[in-house]
Amino acid sequence: MRTTTVVIGAGHSGLAMSKLLSDRSIDHVVLERHKVANSWRTERWDALRLLTPNWQCRLPGYSYDGHDPNGFMTMAEVVDFIRDYATLIAAPVQTETTVWSVRRANGEYRVTTNQDEWRCETVVVATGAFNVPHLPTLSDAVPPSVTTLTPFEYKNPDQLAEGGVLVVGASATGVQIASEVQRSGRQVTLAVGEHVRGPRDYRGRDIHWWMDAAGVLDERYDEVDDIVRARRVPSMQLAGSPERATFDLNALTNGGVKLVGRLAGISGGRAQFSGSLRNKCELADLKLGRLLDTIDEWTTRSGLDDSMPPPHRFSPTVVDDSPPLGLDITSGEIVTVIWGRGFRPDYSWLDIPVLDAKGMIRHDGGVVDSPGMFLLGSPFLRRRKSSFMDGARADAQELIVELTAYLDARASVTSD
């Protein structure tokens, strides 16, 4: 089968690109391994909500128009939002289609699936950056007597055995799960490495309102000193909740969660933790202060100080003087380990030499190192907000220009 463009993935990123392709009358198909918005349907825990406010749910020609713009969608609401978008734009989605291979031959792409083989001039990879859990190699050393769960497998505290829980990772995923499990009555120990601290609200507004208004979320990939590093920065410690709760480490310790350093190893049934906990927390506090300084400076330049509450700063992260450097996980004190270190993409089906040593696609702002291939929905693809719906919208609007130019150039060569 032949088409001009194959879009792989029918999440919000793939559908955003589909809308823009249709607007330009570029024939295409969107291949989805299960159903539209499948990852939102099946790969999230029960209580999860979007960590971005509803008003920030914006896609090309479509945006949230409900009664609670400052609230946070549940996963069921996200599925409805994306599914309704697919219907509205009449996206040519082919569901239950697993891509087995993408290869390049004779100046075109061949996309082999469990249904058909597609031949096309351009490919848009929109499978997302959260396909498989990010497990450390030391995960194999957890004793068999201890249950281990990934964020895909964890659904709610009721599935856990009674007893202590070690949550590994203190970004958005880890802190949300740690808080929920602690509130269920189980003692949680949280292994903390590098993290980004963030308040839910600041000076009377959501932190995402401030970062959007002040241009922080629009910072571009070609404006940062080290984009490789920027793309690996952990997600901010935020969660969407009806109570607008803050999920920083102080909130967790106030709820009874015990903090230890980064999980550095497991040997003989004993978990070993880094001694850098205090340094990691001080660095996160420092970066939070810089972010708030940026917001305050923008507010002053914009003449908004008189209409907003005054600036303030948050208490430093509280760390025990001597956090434990080890924990026996065979004694029964810990019965479950939950890997909360986030996710990584799966590009095992790409039979094209475009992956770096860490298995990530090499690209320049979404233009992949292979003619006619584009990437969408990856962290800091073109701007800091790229992994959010609003960021995918903005990135797609720029990448469609690149894709169209590529097709025009091919057509010009052919006509000559």
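The paragraphs below lead from the overall form of this predicted model to a selection of its residues and side-chain pairs.

The secondary structure of the protein consists of 9 helices and 24 strands. Its radius of gyration is 23 Å, close to the 22 Å that the globule rule gives for 416 residues, so the protein is as compact as a globular protein of that length. Taken along the principal axes, the box filled by the C-alpha atoms has dimensions of roughly 75 × 60 × 40 Å. Of the 416 residues, 53% are buried. Among contacts with a separation of 6 or more, 69% are made by residues 24 or more positions apart. The exposed area of the protein comes to about 18,300 Å², and carbon and sulfur atoms supply 49% of it.

The next topic is charge. The protein carries 45 positive and 54 negative charges, and the mean positions of these two sets are 2 Å apart. Side chains of opposite charge can pair when their charged atoms come close. In this model, the count of salt bridges comes to 33. Three of these pairs are described in turn.

One salt bridge joins Asp212 and Arg58, with the closest N and O atoms 3.8 Å apart. Asp212 belongs to helix α5 (residues 207–213) and Arg58 to strand β3 (residues 58–59), so this pair ties together parts that are 154 residues apart in sequence. How accessible are the two partners? Asp212 has a relative accessibility of 21% and therefore counts as partly exposed, since the range for that class begins where the buried class, under 20%, ends. Arg58 is likewise partly exposed, its relative accessible area being 22%.

A further salt bridge is formed by the side chains of Asp321 and Arg278, at 3.9 Å from N to O. This pair links distant parts of the chain, 43 residues apart: Asp321 is in the loop between α8 (277–301) and β19 (326–328), while Arg278 is in helix α8. Asp321 counts as exposed, at 74% relative accessibility, whereas Arg278 is partly exposed, with a relative accessible area of 34%.

The side chains of Glu398 and Arg382 also meet in a salt bridge, with an N to O distance of 2.9 Å. Glu398 lies in helix α9 (residues 389–415) and Arg382 in the loop between β24 (373–375) and α9, so the pair connects parts that are 16 residues apart in sequence. Glu398 is partly exposed, with a relative accessible area of 22%. Arg382, by contrast, counts as buried, at 6% relative accessibility.

Helix α8 also holds Asp285. This residue is buried, with a relative accessible area of 18%, a value that falls under the 20% cut-off for that class. Leaving aside neighbours within four places in sequence, Asp285 is in contact with Arg197, Pro316 and Thr317.

Backbone geometry is considered next. Most residues other than glycine have a negative phi, and most peptide bonds are trans. Asn106 is not a glycine, yet its phi is positive, at about 55°. Asn106 sits in the loop between β6 (99–105) and β7 (108–113), and it is exposed, with a relative accessible area of 74%. Arg203, which is not a glycine either, has a positive phi of about 50°. Its place is in the loop between β14 (201–202) and β15 (205–206). Is Arg203 buried or exposed? At 2% relative accessibility, Arg203 counts as buried.

The last residue in this account is Pro53, found in the loop between α2 (38–42) and β3. Pro53 is buried, with a relative accessible area of 1%. Which residues does Pro53 contact, leaving aside its neighbours within four places in sequence? They are Pro69, Gly71, Phe72, Arg200, Asp206 and His208. Pro53 and Val319 are 266 residues apart in sequence, and their C-alpha atoms are 30 Å apart in space.

Note on methods:
Residues are numbered from 1 along each chain as its sequence is written. This is a predicted model: local features need pLDDT of at least 70, side-chain atom pairs count only at pLDDT 80 or more; totals for chains, interfaces and linings use all residues. Side-chain values use heavy atoms; hydrogens and water are left out. Helices (H or I, at least four residues) and strands (E, at least two) are DSSP runs, numbered from the N terminus. The radius of gyration is taken over C-alpha atoms; the globule rule is 2.2 Å times the number of residues to the power 0.38. Buried means under 20% relative accessible area, exposed over 50%, partly exposed in between (1.4 Å probe, protein chains only). Contact means heavy atoms within 4.5 Å. Accessible areas come from the Shrake-Rupley method with a 1.4 Å probe; for residues, only the protein chains shown count as cover. Lys and Arg count as positive and Asp and Glu as negative; His and the chain ends are not counted. The place of a charge is taken as NZ of Lys, CZ of Arg, CG of Asp or CD of Glu. A salt bridge is a side-chain nitrogen of Lys or Arg within 4 Å of a carboxyl oxygen of Asp or Glu.
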